[in-house]
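Please open the model in your viewer and set it to a cartoon representation, with side chains available on request. The stops below are meant to be followed in order.

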Amino acid sequence: MNINIREYMAADAKSASEIWNQVVDDGVAFPQEEDLTPESGDAFFKEQTYTGIAENTENGEVVGLYILHPNNVGRCGHICNASYAVRRDIRGEHIGEKLVLDCISMAKKKGFGVLQFNAVVASNVHALHLYKRIGFTPLGVIPGGFRMPDGHYEDIIPHYYDLRKDADQ
């Protein structure tokens, strides 16, 4: 599979919303509980600082996406946040890694200095391994910070990546 990551377009609304909803419906990574419609998804993806779309160039299918936006305002406005979603049937093919790396590059282009993830669920071992390998730093543990679908609570481990550390590369 040959993956190209490009900017979101309104024509992506249906497929991007479906992929986003898969992660929401899994209930183990995103805090959202409500699904997006193509209409609400289009508005949501357009309101981000940037939405990146992972497209399989062999068949034109959207296979994943990320959203990038400020994590805070004012004196903390240099810190951004992102979320990633990969189509359920092709997870494990390193598309998430491509999304994260593109997001890091785009965050720098958009002028952010730090990329912070507020709520990485401790049981999301694949994401934790990826973030460690890329160079993210864990910030600690928030005990019981994420409610799982069955009602029990998992720890969350916020992470950050200093986008300024390799500015000369």
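The tour of this predicted model begins with the sheet and continues to the helices and some individual residues.

**The sheet**

Select the strands first. Seven of them form an open sheet in the order β1-β2-β3-β4-β5-β9-β6, and the pairing is mixed. The edges are held by β1 (3-7) and β6; each has a single partner strand, so one side of each is left without a neighbour in the sheet. Now add the helices that cover this sheet. Helix α1 packs on the sheet and touches β2, β3 and β4, with a direction at about 80° to that of β3. Helix α3 also packs on the sheet, where it touches β1, β2, β3, β4, β5 and β9; its direction makes about 30° with that of β3.

**Strand β9 and its partners**

Next, select residues 159-162, which form strand β9, and display the side chains. Which of these side chains are buried, and which are not? H159 and Y161 point to one face and are buried, whereas Y160 and D162 point to the other face and are not.

Extend the selection to residues 114-117, strand β5, which pairs with β9 in the antiparallel sense over four bridges. Here F117 has H159 of β9 as its bridge partner. Then add residues 137-138, strand β6, whose pairing with β9 is antiparallel over two bridges. In that pairing, P138 stands opposite H159. H159 is thus a useful residue to centre on: it is the bridge partner of F117, and it stands opposite P138.

**Helix α1**

Move to residues 13-26, helix α1. Its 14 residues reach 20 Å from the first C-alpha to the last, close to the 20 Å expected at 1.5 Å a residue. Colour the buried positions of α1: A13, A16, S17, I19, W20, N21, Q22, V23 and V24. What covers these buried residues includes α2 (38-46), β2 (50-56), β3 (62-70) and β4 (79-86). Just after the helix, select G27, where phi is positive at about 75°.

**D42 in α2**

Now centre on D42, which lies in helix α2. Is this residue buried or exposed? D42 has a relative accessibility of 17% and counts as buried, the cut-off being under 20%. Display its surroundings: leaving aside neighbours within four places in sequence, D42 is in contact with Y8, A10 and A13. A13 is also one of the buried residues of α1.

**H94, ahead of α3**

Select H94 in the loop between β4 and α3. Its phi is near 70°, a positive value in a residue other than glycine. In contrast to the buried D42, H94 is exposed, with a relative accessible area of 53%.

**Helices α3 and α4**

For the final stop, select residues 95-109 (α3) and residues 125-134 (α4). The two helices pack at an angle of about 45°, and their axes are 11 Å apart. α3 and α4 are therefore oblique to each other. The crossing of α3 past α4 is right-handed. To see what lies between them, display G96, E97, V100, L101 and I104 in α3, which meet L130, Y131, R133 and I134 in α4.

Notes:
Residues numbered from 1 in each chain as written. Heavy atoms only, no water. Expected span 1.5 Å × (residues − 1). Buried < 20%, exposed > 50% of the residue type's maximum accessible area, 1.4 Å probe, protein only. Contact = heavy atoms within 4.5 Å. Pairing = 2+ DSSP bridges. Axes fitted to C-alpha atoms, helices over the stretch in contact; angles between N-to-C directions. Parallel < 35°, antiparallel > 145°, perpendicular 65-115°, else oblique. Left-handed = near helix turned anticlockwise from the far one by under 90°.
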